[in-house]
Amino acid sequence: MIELLATAAITFSSVVLFAYWFRYTCLLILSAKTARDYAFQVATDNRLSFLGVQSQLREPASSDLDGLRDLLDRDYAVIARMMTQVANSRLETRMLAINYRLAGAWYRVSRRFSAQSARQALEEMSLVVAHFANSIGEASFSASAA
């Protein structure tokens with residue numbers, strides 16, 4: 001019985017520590033800035049909406065959060081297709097893709113209870129799209145400079 005409790009406690013704490021590590025690493029990746037930001041150029045070239053979504057989320061009057069989520073999902077689909085062409089399959093990219101899905105799930109749950117939590121989830125989703133757009137812009141600039 002004691003062994004079972006010890007195993008359960010170790011398993012539970014391992015899962016919690018892994019979730020904390022994953023969350024912290026994703027936030028660290030998203031907070032890193034590059035020497036030049038290519039996200040704006042990629043957004044304008046591909047008619048992406050994530051920059052507008054970010055500005056609307058900063059305004060307290062925006063209430064159509066589902067519409068903003070739909071715009072982010074469309075942008076993410078476009079960016080994901082572009083990421084496959086860049087062949088960027090690093091661990092960082094996979095982690096952020098999982099984080100985008102988890103933030104989307106958290107949005108769907110939290111929008112019923114807290115508009116602020118839903119806004120934060122959408123903000124994080126937009127940061128992931130912006131990070132991917134910047135990565136795509138960086139890769140295209142490197143390819144054209146070579």
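Is R69 buried or exposed? At 15% relative accessibility, R69 counts as buried, because the cut-off for that class is a relative accessible area under 20%. This residue is a good way into the structure, which is a predicted model. We will come back to R69 after a look at the whole chain.

## The overall picture

The protein has six helices and zero strands. Read from the N terminus, its elements run α-α-α-α-α-α. The C-alpha trace spans about 65 × 45 × 25 Å along its principal axes. Of the 146 residues in the protein, 36% are buried. Contacts between residues at least 6 apart in sequence tell you how the chain comes together: 80% of them join residues at least 24 apart.

## Salt bridges around helix 4

Searching the whole structure turns up six salt bridges. Three of them are set out here, with their N to O distances.

| Salt bridge | Distance (N to O) |
|---|---|
| D66 and R111 | 2.8 Å |
| R69 and D70 | 2.8 Å |
| D73 and R69 | 3.5 Å |

Let us start with the D66 and R111 side chains, which meet at 2.8 Å, N to O. D66 lies in helix 4 (residues 65-86), while R111 sits in the loop between helix 5 (91-110) and helix 6 (115-145), so this salt bridge ties together parts that are 45 residues apart in sequence. Both ends fall in the middle class of accessibility: D66 is partly exposed at 33%, and R111 is partly exposed with a relative accessible area of 32%.

Now back to R69. Its side chain meets that of D70 in one salt bridge and that of D73 in another. D73 and R69 are four residues apart in helix 4, which means that about one helical turn separates them. Through shared partners, the salt bridges join R69, D70 and D73 into one network. R69 is buried, whereas D70 is partly exposed at 43% relative accessibility and D73 is partly exposed at 31%.

What else does D73 touch, leaving aside its neighbours within four places in sequence? D73 is in contact with Y100 and M125. If you would like a longer ruler across the model, take D73 and R23: they are 50 residues apart along the chain, and their C-alpha atoms are separated by 21 Å.

## Aromatic pairs

The structure also holds five aromatic pairs. In one of them, the ring centres of F18 and W21 are 5.7 Å apart and the ring planes stand at 35°, so the pair is tilted. Both residues lie in helix 1 (residues 2-31), three residues apart, which is about one turn of the helix. F18 is exposed, with a relative accessible area of 52%, and W21 is partly exposed at 42%.

Another pair brings Y76 and F132 together, with ring centres 6.3 Å apart and planes at 40°, so this pair is tilted as well. Here the pair links distant parts of the chain, since Y76 is in helix 4 and F132 is in helix 6, 56 residues apart. Both Y76 and F132 are buried.

Returning to helix 1, F18 and W21 are joined by F22 in one aromatic cluster. Two members of that cluster, W21 and F22, also take part in the contact of helix 1 with helix 5.

## Where helix 1 meets helix 5

Two packed helices are described by the angle between their axes and the distance between the axes. For helix 1 and helix 5, the axes come within 10 Å and cross at roughly 105°. That makes helix 1 roughly perpendicular to helix 5.

Which residues make this contact? From helix 1 come W21, F22, R23, T25, C26, I29 and L30. They meet E92, M95, L96, I98, N99 and L102 of helix 5. Sorted by class, the contact has nine nonpolar, two polar and two charged residues.

## Pulling it together

Helix 4 appears in several parts of this account. D66 in helix 4 forms a salt bridge with R111 in the loop between helix 5 and helix 6, and Y76 in helix 4 pairs with F132 in helix 6. Helix 4 also holds D73, which shares one salt-bridge network with R69 and D70. For helix 1, the residues to look at include F18, W21 and F22, which form one aromatic cluster.

Note on methods: Residues are numbered from 1 along each chain as its sequence is written. This is a predicted model: local features need pLDDT of at least 70, side-chain atom pairs count only at pLDDT 80 or more; totals for chains, interfaces and linings use all residues. Side-chain values use heavy atoms; hydrogens and water are left out. A salt bridge is a side-chain nitrogen of Lys or Arg within 4 Å of a carboxyl oxygen of Asp or Glu. Buried means under 20% relative accessible area, exposed over 50%, partly exposed in between (1.4 Å probe, protein chains only). Rings of Phe, Tyr and Trp (its six-membered ring) pair if their centres lie within 6.5 Å; planes under 30 degrees apart count as stacked, over 60 as edge-to-face and the rest as tilted. Axes are lines fitted to C-alpha atoms, for helices over the stretch in contact, and angles run from 0 to 180 degrees between N-to-C directions. Angles under 35 degrees count as roughly parallel, over 145 as roughly antiparallel, 65 to 115 as roughly perpendicular and the rest as oblique. Contact means heavy atoms within 4.5 Å. Ala, Val, Leu, Ile, Met, Phe, Trp, Tyr, Cys and Pro count as nonpolar, Asp, Glu, Lys and Arg as charged, and the others, Gly among them, as polar.
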